[in-house]
Amino acid sequence: MKKTVLSALLICAIPALAQFQQVDYRYAPQWHVSCTGLPDDTCKTQIGPLGQLLADYRKGDFFNYVGGYGAAIQFLADENMKFTGQRLYSARVPLVITEASCAGMKIRQEIFAVALDYIRNQIPADRGNREDVILTTICNPTNREQTLNPVLIVNAGYEEKTRVTGRTALINGQARLITGLSPVQVRQNLADFNTLINLEPVTVAPGETKRIIVLYDNGRPSVLADRFESDANALSGQIGDIRTEMITYWETGSDIPYGHISVPDREIQNLIDASLRGIWQAREIKNGKIAFQVGPTCYRGLWVSDGASLLETATMFNRGAAARQGVEYTLTFQKENGKFEIMDSTYWKENGIVLWTCVRHAMLTQDKAWLKSVWGKLLKSVDFIRELRAVTLTNSVPLDDGLIPPGQIDGGLLGAEDKAEYTNIYWTLSGLKAMIQAAEWLGEKKDARTLQAEYDHLFGAFKKAAERDMDTDAFGNRYLPIPMDPKHRSLPQRAQWAFCQSVYPGQIFPPDDPVALGTMNMLHATLQEGMVMGTGWAIDGIWTYFAGFYGHACLWMGEGRRAWESLYAFANHASPVYNWREEHSPRDLTPSKYVGDMPHNWASALFAGLAVHLLALDRGNELHLLEGFPPEWRQPGMKTALKDIATPFGKLSFTLQVNARGTEAALTVDPLSDPSCKGIYVHLGNWGAADGASASLLKLDAKKSNTVTVKIKE
């Protein structure tokens, strides 16, 4: 056994000299979209890579998803224009800038959402005026007069055809698309869904700059649309001020929790900020409560696995009150028998996920009273788990005895009535373990004993089954497949998401557990483009945010270097507009396949969460700092900081400032409010040393302010 594991480790060994990491989006998906909507907005308008305005998502192809919108709208200053790039105004401002050229002229198109009632008067974004603006600026730096022939293209898959009257195209009988230019020809004979509106030519003198406005009202009442429809020049002198007002809102007026983490890598920081923005944009108000949703299209709803990370990240970033609404919305899905059922009737893992979510949220907010108020609901779910386990002793599947019945697997494999598997077991164990911790925290000693007995019995049955089902990969690594029966197995890494989450945040394995060690070694051997390959729905693809599961598991297992390398690989699979598709092909496979939503905000939550946990991770009654601290962040003059990050011990704030020569770093750590923390441990590895510290670890008093000088060895 030892020889086998060692050989696998040698095969997967990390080079002694690591490559300096940087984010340049080298693995970005070939096709990407970004969202313009406001926080809690019901209009989930998206922008494609060539400035396509995509509205009214209906249903796309989940397994090669790039479409599915009711309407795809594009304004071209001229059909001969050549696109040269796309970016956001900034990570915090979802104003999409698409740049192009034509006959030596520069064309800049900006698309942004306008919700003046929302930002001025706090009228909910689903009730006030809400528009999307396409603002095109044409600059002629040549020495000759140029003429462009603009065209507005509407691809709409509705039964009711697009109707054009004057400068207004009416889409699906309700949504107005209004231009500042008059049409000279309307063509609808090219395809049933296609409308091409050729607009009056635009002449631009040498050195002159002209603007063209297109406004889309999303089929809702709009004062701006009314004015613009009646007067083509109504917005010309005002649109710049409206644009500035919306930018100011995004930069300073929203409740998005910026500023709680500062890292010296600009692109990592951009991705963190954009991730937080994306989470807020995907939210909606459901049943009077904030519902944290995964995405704007096929994942526009509550998905409990994803929601657990979204709610933890929101709480961690000092938005516990908003997250509380999301947790309580989740609790409304409990059935009379204690079962949580949101996605699928056999998605048994939802029970364990909800248990963990509630416990983690209560501990991060340090709110024992709230946890006690829902304690009965959580115990009722534990009762259902007990009943569920009893079913395994009477059903026709012998492999699951004493465990959890076959259920939906997800993340790469489908479940079946006869397919005994481990994902539901992993999350049930994780939920029960969280409940034991919570019972001890609340002083519910009787419940703690009962829960511990239930956990021990299930974990014992799991260990026995795991010994039976262990398999060996091509490199000699002994690992635990997800399906128990060999006839149902796929690639070793397939659907191992729940295993990674059972390592962290589930924490069900002791550090030397052979199941965990062997399965992690198997995952190490699958990396392509720095990511676990073939673990999700696309067997030949990259599940981008699996890097969050894998990175967290590596970190918990003491492999900080793999964890921060995973963060950088994660970052480089983002799009240039700072978000992720759920899955896409690696670069060697073209054309690329796509799976799932975009922006995918489980990715957002995991990225922001992993960035924080590389710097601060609670382990039982200890807080550990800098376990996954990248060398890229400790160069001369660099500063890394956390401010008011929620932990089970109260809010954490610390700063690490490297001096100008890169020889020393000043570490300042504020005291924690909860005395239950037995110590703050700073991991210096082989890169730093401090007086009074062992070679790699420095212990600080959690109750006091600490200022330490760390000498940098590298």
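This report describes the salt bridges, one open sheet and the two largest internal cavities of a predicted model.

**Salt bridges**

The structure contains 35 salt bridges. Three of the pairs are set out below.

| Pair | Closest N and O atoms | Relative accessibility |
|---|---|---|
| Asp273 and Arg92 | 3.2 Å | Asp273 7%, Arg92 29% |
| Glu454 and Arg389 | 3.0 Å | Glu454 10%, Arg389 7% |
| Lys593 and Asp540 | 3.5 Å | Lys593 43%, Asp540 26% |

Asp273 and Arg92 form a salt bridge in which the closest N and O atoms are 3.2 Å apart. Because Asp273 belongs to helix H5 (residues 266-282) and Arg92 to the loop between strand S5 (82-90) and strand S6 (93-102), the contact ties together parts that are 181 residues apart in sequence. Asp273 is buried, with 7% relative accessibility, whereas Arg92 is partly exposed at 29%.

A salt bridge also joins the side chains of Glu454 and Arg389, with an N to O distance of 3.0 Å. Here the link runs between two helices: Glu454 is in helix H11 (residues 445-469) and Arg389 in helix H9 (residues 368-391), 65 residues apart. Glu454 counts as buried because its relative accessibility, 10%, falls under the 20% limit. Arg389 is likewise buried, at 7%.

The side chains of Lys593 and Asp540 meet at 3.5 Å, N to O. This pair links two loops, Lys593 lying between strand S26 (583-584) and strand S27 (594-595), and Asp540 between strand S24 (531-532) and strand S25 (542-543), 53 residues apart. Lys593 is partly exposed, with a relative accessible area of 43%; Asp540 is partly exposed too, with 26%.

Salt bridges also link Arg87, Glu99, Arg108, Glu110 and Arg243 in a network.

**An open sheet**

An open sheet is built from 6 strands with antiparallel pairing, in the order S18-S30-S31-S32-S36-S34. Its edges are strand S18 (261-262) and strand S34 (688-689); each has a single partner strand, so one side of each is left without a neighbour in the sheet. Within this order, strand S31 (residues 650-658) and strand S32 (residues 664-669) run antiparallel and are joined by 5 bridges. Leu656 has Leu667 of S32 as its bridge partner.

**Internal cavities**

Across the whole structure, 9 cavities of 30 Å³ or more are found. The largest cavity has a volume of about 160 Å³. It is lined by 16 residues, of which Ser309, Glu312, Pro505, His552 and Leu606 are the closest to its centre. Helix H6 (304-316), helix H14 (546-556) and helix H16 (601-615) each contribute at least two lining residues to the largest cavity, and H6 provides the largest share, with 5 residues. By class, the lining of the largest cavity comprises 9 nonpolar, 6 polar and 1 charged residues.

The second largest cavity encloses about 130 Å³. Among the 18 residues lining this second cavity, Cys35, Arg277, Gly278, Gln281 and Pro599 are the closest to its centre. Strand S1 (34-35), H5 and H16 each supply at least two residues of the lining. The greatest contribution to the second largest cavity is made by H5, with 6 residues. The lining of the second largest cavity divides into 8 nonpolar, 8 polar and 2 charged residues.

Helix H5 thus appears in two of the settings described: it carries Asp273, the partner of Arg92, and it gives the most residues to the lining of the second largest cavity.

Notes. Residues numbered from 1 in each chain as written. Predicted model: local features only at pLDDT ≥ 70, side-chain atom pairs only at ≥ 80, totals over all residues. Heavy atoms only, no water. Salt bridge = Lys/Arg side-chain N within 4 Å of Asp/Glu carboxyl O. Helix = DSSP H or I, 4+ residues; strand = E, 2+ residues; numbered from the N terminus. Buried < 20%, exposed > 50% of the residue type's maximum accessible area, 1.4 Å probe, protein only. Pairing = 2+ DSSP bridges. 1 Å grid on protein atoms, 1.4 Å probe; cavity = no way out; pocket = protein on both sides within 12 Å on 5 of 7 lines; lining within 4 Å. Points joined across faces, edges and corners; volume = space filled by probe spheres on them. Nonpolar A, V, L, I, M, F, W, Y, C, P; charged D, E, K, R; others polar.
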